[in-house]
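The following exchange concerns the pockets of a protein and the place of its ligand. Each reply sets a value against its criterion.

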Amino acid sequence: MKIYQVKDYQEMSLKTAEIIAAQVILKPDSLLGLATGSTPLGAYQLLVKWCQEGLLDFSKVTTINLDEYQGLPETSDQSYVYFMRKHLFDHINIDRNRTFLPDGMEPDREKACRDYNELLKTLGKTDLQLLGLGHNGHIGFNEPGSYFEKETHCVKLSERTRSANRRFFSSEEEVPHYAFTMGIQNIMNAHHILLAVSGEAKAEMVKEAFFGPITPAVPASVLQLHDHFTLVADEAALSKCEKESLAMEE
Ligand code: F6R
């Protein structure tokens, strides 16, 4: 594990965007695994800016997202496909036909997962997989207790995750109960995994996930086993970690 200790959300976004940009510059036809949520927003803004300034070229890039809610159409401003278009795809020179998310509107849950999993296999190993960290240690929508061996599957969202995401919906009832997500096995298959995290609210989880035992009770802890895992975390997120353990990972 390589840790970049940064000051705050802004610096976390800059470092995250720099690592993604470096990947795209070094391999213009990269396969990028992307995430939604509050964490990557600042990084996406920077990627948009650099692309619009002509510093970055996404024309040969392919993207696969981690997850999608079940039952929200792509016109819903809460669907992840809408999020990705609004915050990234609509503003960069990427070929829309090479941007993939699970099909949240497929009524047959098994088929939706099977199709996405087959797609992942066809596309091959992800070059760089971006992740955020859930308050309960989830990655993608792999909730505590998820088997590390799982591939793409449909999950019933925990109440903690539903209430964490409640802020984006106008009422509690609108928050979906199910989502399709890449499994931990798909995530671990990437050449390089980059997890960005910011803020004190996640400090306890950062300590548990990256300096505690590797256990399905804390899905992100599996990342300790990956041979190319980079953590970009700000001071607040690292505030509960021992200085000595951090120094060893720098
Ligand atoms: C999003 C995703 C989730 C988030 C996590 C953190 O595609 O897969 O695992 O990364 O819930 O969310 P934020 O960044 O909103 O704190």
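**Pockets and ligand**

Q: How do the residues lining the second largest pocket divide by class?
A: They divide into eight nonpolar, two polar and four charged, where Ala, Val, Leu, Ile, Met, Phe, Trp, Tyr, Cys and Pro count as nonpolar, Asp, Glu, Lys and Arg as charged, and the others, Gly among them, as polar. The model is predicted: local features need pLDDT of at least 70, side-chain atom pairs count only at pLDDT 80 or more, and totals for chains, interfaces and linings use all residues. Residues are numbered from 1 along each chain as its sequence is written, and side-chain values use heavy atoms, with hydrogens and water left out.

Q: What makes the contact between the ligand and Lys202 a polar contact?
A: A polar contact is a pair of N or O atoms within 3.5 Å. An oxygen atom of the ligand is 2.6 Å from an N or O atom in the side chain of Lys202, so the pair meets the criterion.

Q: Why do the ligand's approaches to the backbones of Ser38 and Gly140 also count?
A: A ligand oxygen is 2.9 Å from a polar backbone atom of Ser38, and one is 2.7 Å from a polar backbone atom of Gly140; both pairs therefore satisfy the definition.

Q: Which residues come nearest to the ligand?
A: Of the 14 residues around the ligand, these are Thr39, Asp67, His138, Gly140 and Lys202; a residue is near if one of its heavy atoms lies within 4 Å.

Note on methods:
Polar contact = N/O pair within 3.5 Å; in protein donor to acceptor, adjacent residues only side chain to side chain.
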